[in-house]
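Here is my note on the structure you sent over, set out as numbered points. I hope it is handy to have beside you as you look through the coordinates.

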Amino acid sequence: MNLQELRRRIYRKAKAEPTHRFWGLFTHVTKMTTLQEAYQQAKKNGGAPGTDGKSFADVECEGVIPFLENIQEELQAGTYRPQANRKVEIPKANGKMRTLQIPSIRDRVVQGALKLILEAIFEADFCPNSYGFRPKRSPHQALSEVRRSVLRRMTMVIDVDLSRYFDTIRHTILLDKIAKRIQDPQVMQLVRQVIKAAGKIGVPQGGPFSPLASNIYLNEVDWMFDAIRRKTAEGDFEAVNYHRFADDMLITVSGHSSKRGWAELALQRLREQLEPLGVELNLEKTRMVNALKGDAFAFLGFDLRRIQNRSKTGHFILMTPKKKARIAVKARIREVIRNGGAKPAKEIVKQINAILARWVNYFRVGNSSDAFSEVRDYTEMKIRTLLTRRKRRRKSSIGWRRWSNEYLYGVLGLYWDWKVHPLKNADGFR
C-alpha cells in the first residue's frame, strides 16, 4: 500500500468512526516512504538550516537515503531527540518583532512524517469553516466565503486578532486533544518531543507540525460557531457565520435591526471559548465594523469594503491589497537589488521575477490593478537605477530612454503577467 492510499484509508476510518482511537501508527510514521515524502515536502518549502548548520545541499551531497536511514534508525530505537530550534527575529509592520523557530532539516523530516499520518485522522474531524494549512483549501477560498457572508446581509463584521496565538498554546491541553484520537504511546511521545523543543509553552512557528497542532487546538471553537450558524439560520439564510485561517478570524453577523446586539454576544462567546485555552484577544486590534456604512475590514492581506456597483442596482465587495503588503513586496525587491553585488542583471531579474510571480498570483483575485501598477512601476524604476549605476559613475537620471521597456521585458525578461482574475464564487471551491 502506498502512502496516498494509506492516508485515504485512515481518513475514511476516522470519518466513519468519530470516537475511534488509532493505534499502531508509529510504524507508518517511520516507514521509509513516509520519511522520503516528508523530506521532499521540506525541500520544496526550502528554508535556511537549523542550529546544526546543515543545508539541503549538504544532505544531497552526503546522500539522502543514508540521511533518512539514520533518522529511521533513531526513531525505531527510541534514541531520537530533537535539536534546539534556531530562532530568527522577523520585523512586523507595527515595529515589533516576530520570533520564528527554524528546526534542523532532520527535525523537519520527523515533524513532516508525523504530520502526514496524523493529518489524515484530524482532517476528518476539522470543521468546514477552517481553511488554513489544510489539503485542498486556500486563502482564496476563505476570502470567497467571507465575501459571500457579507453579501448575504451579514454586514456586522468582527475582525478578530489573537495575541501571540502560537506562543500561547498549552502543551497539556493540546496533548489531551490529540490523545482523544491517538492511543499509540510512541506517537504521543514523539508529539511531546516535537512541541516541547520550543519550550514549556507554545508551538514553534516555522515547523511543519505546528500548523496542524494549531488547527487541532481551535477545532472545538470552530465547531461551536458552526453550531451557532446552524441554530440561527432562517431557511437558506444565515444570521451568523465564522471564518478562520490559522489565527486570522472573522465573525459576520446579520445587520438586521432584529439582530441588534448579536455581534457583541458573538464576541463574548468567542472569549468564553478561548479563555480555558489560554488564548487572548488583542483588544487593540480586534474591532467591529459595519460594512453597510462602507467601513473596511482586513482579512488575509486584503482590505475589504462593501460598495455600490456602477449601475447602482446592487453591491459588491471591493478587495484591494493592504498597504503593508505593497510595502513588503517592494522591500523584498529592494533587498534583492541591494544584495545583488556583481551578479548579472538577468540573474537579479530572475530572483525578482520569482518574488513578483508569487505576490501577483496571490493578489490577482482582488481589485488589484492600482496596486499592480504601483509595484510594477517601482520595480522598473529600481532596475533602471541599478543599470544606470553600473554603466556610469555620475547618476543624473534613472535612464528611462536608455533602458526602455523593450530592454527590461524583452532582453532581461522581467516578469509581465499582471492580469487580474476575478475571485471564484464560494460554490466554485466546493
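1. I will begin with a helix pair. Helix α11 passes helix α12 in a right-handed crossing. Please keep in mind throughout that we are looking at a predicted model. The two helices, α11 at residues 210-232 and α12 at residues 262-274, pack at an angle of about 150 degrees, and their axes are 10 Å apart. Because angles over 145 degrees count as roughly antiparallel, α11 is roughly antiparallel to α12.

2. Which residues make up this contact between α11 and α12? On the α11 side you will find Leu 218, Val 221, Met 224, Phe 225, Ile 228 and Thr 232. They meet Trp 262, Ala 266, Arg 269, Leu 270, Gln 273 and Leu 274 of α12.

3. A second helix pair is worth a look further along. Helix α13 (residues 323-338) packs on helix α14 (residues 345-363) at about 170 degrees, with 9 Å between the axes. That angle makes α13 roughly antiparallel to α14, and the crossing is right-handed. From α13, the residues in contact are Ala 325, Arg 326, Val 329, Arg 332, Ile 333, Val 336 and Ile 337. Among their counterparts in α14 are Ile 348, Ile 352, Ile 355, Leu 356, Trp 359 and Phe 363.

4. For the third pair, turn to helix α5 (residues 64-77) and helix α6 (residues 105-122). Their axes come within 11 Å and cross at roughly 65 degrees, again with a right-handed crossing. Here Phe 67, Leu 68, Ile 71, Glu 74 and Leu 75 of α5 meet Ile 105, Arg 106, Val 109 and Val 110 of α6.

5. Now to the strands. An open sheet of 3 strands runs in the order β8-β9-β10, with antiparallel pairing. Why do β8 and β10 each have one side left without a neighbour in the sheet? Both stand at the edges with a single partner strand, so there is no neighbour in the sheet on the other side. From one strand to the next, the twist averages 35 degrees.

6. The pairing can be followed residue by residue. Strand β8 (residues 297-299) is joined to strand β9 (residues 302-308) by 3 bridges. Within this pair, Phe 297 stands opposite Leu 304, and Ala 298 stands opposite Asp 303. The hairpin of β8 and β9 has 2 residues between the strands, and Leu 300 there takes a positive phi near 55 degrees.

7. On the other side, 7 bridges join β9 to strand β10 (residues 315-321), also in an antiparallel arrangement. Leu 304 turns up again here, with Met 319 as its bridge partner in β10. The hairpin of β9 and β10 has 6 residues between the strands, and Lys 312 in the turn has a positive phi of about 60 degrees. Both positive phi values, at Leu 300 and at Lys 312, may interest you when you go through the backbone.

8. Is Lys 177 buried or exposed? This lysine is found in helix α9 (residues 171-179). Its relative accessibility is 13%, and since buried means under 20%, Lys 177 counts as buried. Leaving out residues up to four places away in sequence, Lys 177 touches Phe 122, Ile 216, Tyr 217, Glu 220 and Leu 277.

9. Thr 286 deserves a point of its own. This threonine lies in the loop between β6 (280-281) and β7 (287-290), and at 13% relative accessibility Thr 286 counts as buried. The C-alpha atom of Thr 286 is separated by 7.2 Å from that of Ile 158, although their positions lie 128 residues apart along the chain. With residues up to four places away in sequence set aside, the contacts of Thr 286 are Asp 159, Val 160, Asp 161, Leu 267 and Leu 281.

10. Last, the cysteines. How many disulfides does a search of the whole structure find? The search finds 0. Two of the cysteines have opposite surroundings: Cys 61 counts as exposed at 70% relative accessibility, whereas Cys 127 counts as buried at 0%.

Technical notes. Residues numbered from 1 in each chain as written. Predicted model: local features only at pLDDT ≥ 70, side-chain atom pairs only at ≥ 80, totals over all residues. Heavy atoms only, no water. Disulfide = S-S within 2.5 Å. Buried < 20%, exposed > 50% of the residue type's maximum accessible area, 1.4 Å probe, protein only. Pairing = 2+ DSSP bridges. Helix = DSSP H or I, 4+ residues; strand = E, 2+ residues; numbered from the N terminus. Axes fitted to C-alpha atoms, helices over the stretch in contact; angles between N-to-C directions. Parallel < 35°, antiparallel > 145°, perpendicular 65-115°, else oblique. Left-handed = near helix turned anticlockwise from the far one by under 90°. Contact = heavy atoms within 4.5 Å.
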